[in-house]
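Visitor: I have a protein on my screen and plenty of questions about the words people use for it. Could you walk me through them?

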Amino acid sequence: MLEVAYDEAQRGLAEGGIPIGAALFAADGTLLGRGHNRRVQSGDPSIHAETDAFRAAGRRRDYGSTIMVTTLSPCWYCSGLVRQFGIGAVIIGESQTFHGGHDWLAEHGVAVTVLEDERCVQMMTDFIVDHPALWHEDIGVATEVEAQ
């Protein structure tokens with residue numbers, strides 16, 4: 001399942017965006033929706049990878065048995081989406097470059113698995129080094145780099 005999210009992250013990077021990908025799966029492994037962070041490409045700060053995958057999955061009556069797979073620990077916004085709709089499990093590619101709300105999710109009954117996949121770590125590490133201002137914008141941190 002991580003492969004789908006990783007492919008989405010690569011698509012985002014190729015489009016000039018932030019390389020974070022996600023996918024929503026049914027409990028049996030059926031892909032429901034996939035997406036990537038498109039904040040830069042669309043000029044819309046609300047299009048994170050998880051929200052893009054969630055929207056692509058379409059409307060469901062119950063999300064409790066679904067699995068959100070994401071290349072990076074979900075931010076508070078995306079963690080809120082998981083809680084709001086009762087997504088039952090989250091699989092995270094890595095949390096070394098960004099530690100989002102996954103501990104909070106686990107404390108509230110979401111099954112959280114952090115893989116620390118080296119490809120995901122390297123992709124984000126390289127991106128952060130190459131595009132620090134864009135990265136800080138994405139995580140909501142104003143920096144002096146942006147002013148330059």
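**Cysteines and disulfides**

Guide: Happily! Let's begin with the cysteines: in this predicted model, the count of disulfides comes to zero.

Visitor: How do you know that Cys75 and Cys78 are not bonded?

Guide: The sulfur of Cys75 has its closest cysteine sulfur in Cys78, at 3.8 Å. A disulfide needs the two sulfur atoms within 2.5 Å, so 3.8 Å is too far for a bond.

Visitor: And what about Cys120, how far is the nearest cysteine sulfur?

Guide: That sulfur belongs to Cys78 and is 15 Å away, and Cys120 is in no disulfide.

Visitor: Why is Cys75 called buried?

Guide: Buried means under 20% relative accessible area. Cys75 has 17%, so the residue counts as buried. Cys120, with a relative accessible area of 1%, is buried too.

Visitor: Then why does Gln122 count as partly exposed?

Guide: Its relative accessibility is 37%. Partly exposed lies between the 20% limit for buried and the 50% limit for exposed, so Gln122 belongs in that class. You will find Gln122 in helix H6, residues 118-130. Thr97 is 25 residues from Gln122 in sequence, and their C-alpha atoms are 9.2 Å apart.

**Strands and helices**

Visitor: What makes S1 and S3 a pair of strands?

Guide: Two strands pair if there are at least two bridges between them. S1 (residues 21-25) and S3 have four, so they qualify, and the sense is antiparallel. One example is Leu24, whose bridge partner in S3 is Met68.

Visitor: Which sense, parallel or antiparallel, do S3 and S4 have?

Guide: Parallel, again over four bridges, with S4 covering residues 89-92. Here Val69 has Ile91 in S4 as its bridge partner. As for the directions of the S3 side chains, Ile67 and Val69 point one way, Met68 and Thr70 the other way, and all of these are buried.

Visitor: What do S3, H4 and S4 make together?

Guide: They make a right-handed β-α-β unit, with H4 spanning residues 76-85. The name right-handed applies because, with the strands pointing away from the viewer, the path from the first strand over the helix to the second runs clockwise.

Visitor: What makes you say that H3 is mostly covered?

Guide: Seven of the nine residues in H3 (residues 49-57) are buried. Among them are Ala49, Glu50, Asp52 and Phe54. The buried residues of H3 pack against S1, S2, S3 and H4. Right after H3 comes Gly58, with a positive phi near 80°.

**The whole protein**

Visitor: How many helices and strands are there?

Guide: There are eight helices and five strands. Along the sequence, they follow the pattern α-β-β-α-α-β-α-β-α-β-α-α-α.

Visitor: Why is the protein called as compact as a globular protein of its length?

Guide: The radius of gyration is 14 Å, and the globule rule gives 15 Å for 148 residues; the two values are close, so the description fits. Along the principal axes, the C-alpha atoms fill a box of roughly 45 × 30 × 25 Å.

Visitor: What share of the residues count as buried?

Guide: Of the 148 residues, 46% do. The protein exposes about 7,100 Å², and carbon and sulfur atoms supply 51% of that area. As for contacts between residues at least 6 apart in sequence, 51% join residues at least 24 apart.

Conventions:
Residues are numbered from 1 along each chain as its sequence is written. This is a predicted model: local features need pLDDT of at least 70, side-chain atom pairs count only at pLDDT 80 or more; totals for chains, interfaces and linings use all residues. Side-chain values use heavy atoms; hydrogens and water are left out. Buried means under 20% relative accessible area, exposed over 50%, partly exposed in between (1.4 Å probe, protein chains only). Helices (H or I, at least four residues) and strands (E, at least two) are DSSP runs, numbered from the N terminus. Contact means heavy atoms within 4.5 Å. The radius of gyration is taken over C-alpha atoms; the globule rule is 2.2 Å times the number of residues to the power 0.38. Accessible areas come from the Shrake-Rupley method with a 1.4 Å probe; for residues, only the protein chains shown count as cover.
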